Amino acid sequence: MKKSRHLPPHIHFIGIGGIGMSALAMILVKNGYSVSGSDQKKSSLLKELEEGYVKIFQTQEEANIEKILQDNKKNDVLVVTSSAIGPDNLELQEAKKYNLIIKHRSEILKFLIDQKKSIVVSGSHGKTTTSTYITTILSIIKKDPTAIIGGIVPLYKKNYNISNSELLVAEADESDGSLVKFNPNIGVITNVELEHVDHYKNLEELLKTMKEFAKNCNHLIANFDCKNLKKNIQKSKWFSTQKIEGIDFALIPKESNGCEVIAEYYEQEKFVDIIKVPVPGIHNLSNAVAAIAACRTAGILFKDIKKGITHLHLPSRRFDYKGLWKNRLIIEDYAHHPSEINAAISIASLIINTKNNISSISPNRLVSIFQPHRFTRVKKFQKEFAKSLSKSDLVFITPIYSAGEDQIEGINNRSIAYELKKLKPNLEIYTPDNNQELKKLMIEKTIEKDLILIMGAGDINKTCANLFLKVVVNNTIKNNFAA
């Protein structure tokens with residue numbers, strides 16, 4: 001990559017530990033830029049950044065900026081923020097005081113996208129999985145793209161890849177509307193559904209953003225099965241798991257269980273081959289055909305793509321098989337929207353119903369642990385959350401992970417439980433107030449051969465890792481499914 005005069009030699013990230021920020025930081029430092037950053041939470045990502053010669057400040061205060069300016073001229077410093085950094089952030093205020101160049105993370109991502117032949121994936125659900133699939137396929141067949149992903153890619157064991165090849169794969173987050181800045185060679189939209197209600201007042205606002213992103217793509221690939229896309233997006237190519245006629249890339253399921261999906265692949269309505277996708281769930285099949293479509297549009301031969309498909313694994317926290325705890329099967333999922341919960345529960349139910357022995361136990365009952373994410377989301381989708389969770393046999397709903405939002409009166413874990421009880425009066429529901437209470441209830445109320453599905457985009461995965469203390473990893477699970 002050639003350094004651009006638009007990027008100063010020293011780049012400082014406020015909130016560098018975020019999944020998107022950390023990937024940008026590592027790619028820039030590997031390309032010769034001096035990089036620093038601040039974050040108040042310890043994580044493995046921060047440790048990796050430090051090992052990669054990134055200076056990490058463990059506070060976010062004015063003094064950080066002053067220390068950076070001791071070693072760099074003012075015009076040589078660029079400060080990068082994300083939408084998670086509020087205007088009252090002390091470090092950001094100090095950067096403004098010194099009139100430093102300040103850019104949103106999306107502008108740095110745009111800079112990287114513009115340097116390469118890019119494949120950029122957006123959509124309400126499945127962005128991380130689809131971009132993970134694309135990067136995996138391309139890497140397996142030695143195309144080795146630069147990658148900037150919103151989750152840990154199993155093949156890389158990190159959320160980025162650095163390469164000198166001409167290809168770049170990136171995930172474009174629609175949550176703050178910043179994806180309209182991108183001009184990718186190939187754009188993929190997995191689906192569109194009202195989400196991020198803290199930013200979008202209604203579906204029409206979200207669609208307006210996605211339409212603008214679509215117009216900016218040289219080639220657009222869209223999901224025909226999504227009614228909101230079908231009605232609103234001017235496409236160049238369609239993909240589907242439901243229809244062949246009029247579809248550019250179709251992957252029609254024939255057999256499905258908790259391990260894999262076997263499907264017929266069609267291109268331009270012509271049958272091409274039978275594909276075995278080694279990941280469960282029809283929604284993941286949709287992500288797979290989106291990845292195939294992107295690779296084919298990029299000029300990759302199908303026979304090479306098929307080799308890559310055999311190596312597909314879900315990114316971390318996407319139906320992530322963790323192992324056994326007290327003879328209970330533990331699975332984590334990032335699901336935090338009703339549609340995502342439906343998808344996760346659908347796979348879990350399939351595992352229970354098909355009895356396909358994915359581990360040393362054959363689970364009999366579905367236990368859902370759900371950590372709601374953001375008060376605004378819960379207020380908007382409270383009844384939908386209840387409907388999704390009602391398909392469980394036992395439910396634990398933890399306090400809401402605020403993600404920095406203020407509390408909304410009357411909106412909490414108990415208000416979801418109230419709606420759930422109205423739908424299914426006999427369902428066993430618990431609303432623990434804290435982690436210790438959750439742990440106590442887990443021990444008392446779950447039984448052997450339960451499938452425990454942990455869902456949420458907050459810190460519920462770390463919480464449950466501490467609660468379970470010791471998870472026995474089953475070799476069958478790890479070999480076939482671990483992300």
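## A first look around the model

Ile 14 stands opposite Ser 38 in strand E2. This is a predicted model, and that pair makes a handy way in. Strand E1 (residues 10-14) and strand E2 (residues 34-38) run parallel to each other, paired over five bridges.

Zoom out a little and you'll find an open sheet of five strands, in the order E3-E2-E1-E4-E5, with parallel pairing. At the edges sit strand E3 (55-57) and strand E5 (101-104), each pairing on one side only. Ignoring direction, neighbouring strands here are turned by 20° against each other on average.

Two helices meet this sheet, as the table shows.

| Helix | Strands it meets | Angle |
|---|---|---|
| H1 (residues 19-30) | packs on the sheet, touching E1, E2 and E4 (77-81) | about 165° with E1 |
| H5 (residues 105-114) | lies across E4 and E5 | about 80° to E5 |

Now for the insides. The largest nonpolar core has 76 residues, and Leu 251, Phe 319 and Leu 453 have the most contacts inside it. Helix H9 (residues 282-297) gives the largest share of this core, nine residues. A second, separate core has 53 residues, including Leu 7, Tyr 33, Ile 108 and Val 192.

Back to Phe 319: leaving out residues up to four places away in sequence, its contacts include Ile 331, Ala 344, Ile 351 and Leu 453.

Last stop, helix H13 (residues 413-423). Among its buried residues are Asn 413, Ile 416 and Leu 420. Helix H12 (375-389) and strand E18 (365-370) are among the elements covering the buried residues of H13. Asn 412 caps the N-terminal end of H13, with a side-chain oxygen 2.9 Å from the backbone nitrogen of Arg 414.

Key. Residues are numbered from 1 along each chain as its sequence is written. This is a predicted model: local features need pLDDT of at least 70, side-chain atom pairs count only at pLDDT 80 or more; totals for chains, interfaces and linings use all residues. Side-chain values use heavy atoms; hydrogens and water are left out. A nonpolar core is a set of buried Ala, Val, Leu, Ile, Met, Phe, Trp, Tyr and Cys residues joined through side-chain atoms within 4.5 Å. Buried means under 20% relative accessible area, exposed over 50%, partly exposed in between (1.4 Å probe, protein chains only). Helices (H or I, at least four residues) and strands (E, at least two) are DSSP runs, numbered from the N terminus. Contact means heavy atoms within 4.5 Å. A polar contact is a pair of N or O atoms within 3.5 Å; within protein, one must be able to donate a hydrogen and the other to accept it, and residues adjacent in sequence count only if both atoms are side-chain atoms. Two strands pair if DSSP finds at least two bridges between them. Axes are lines fitted to C-alpha atoms, for helices over the stretch in contact, and angles run from 0 to 180 degrees between N-to-C directions.
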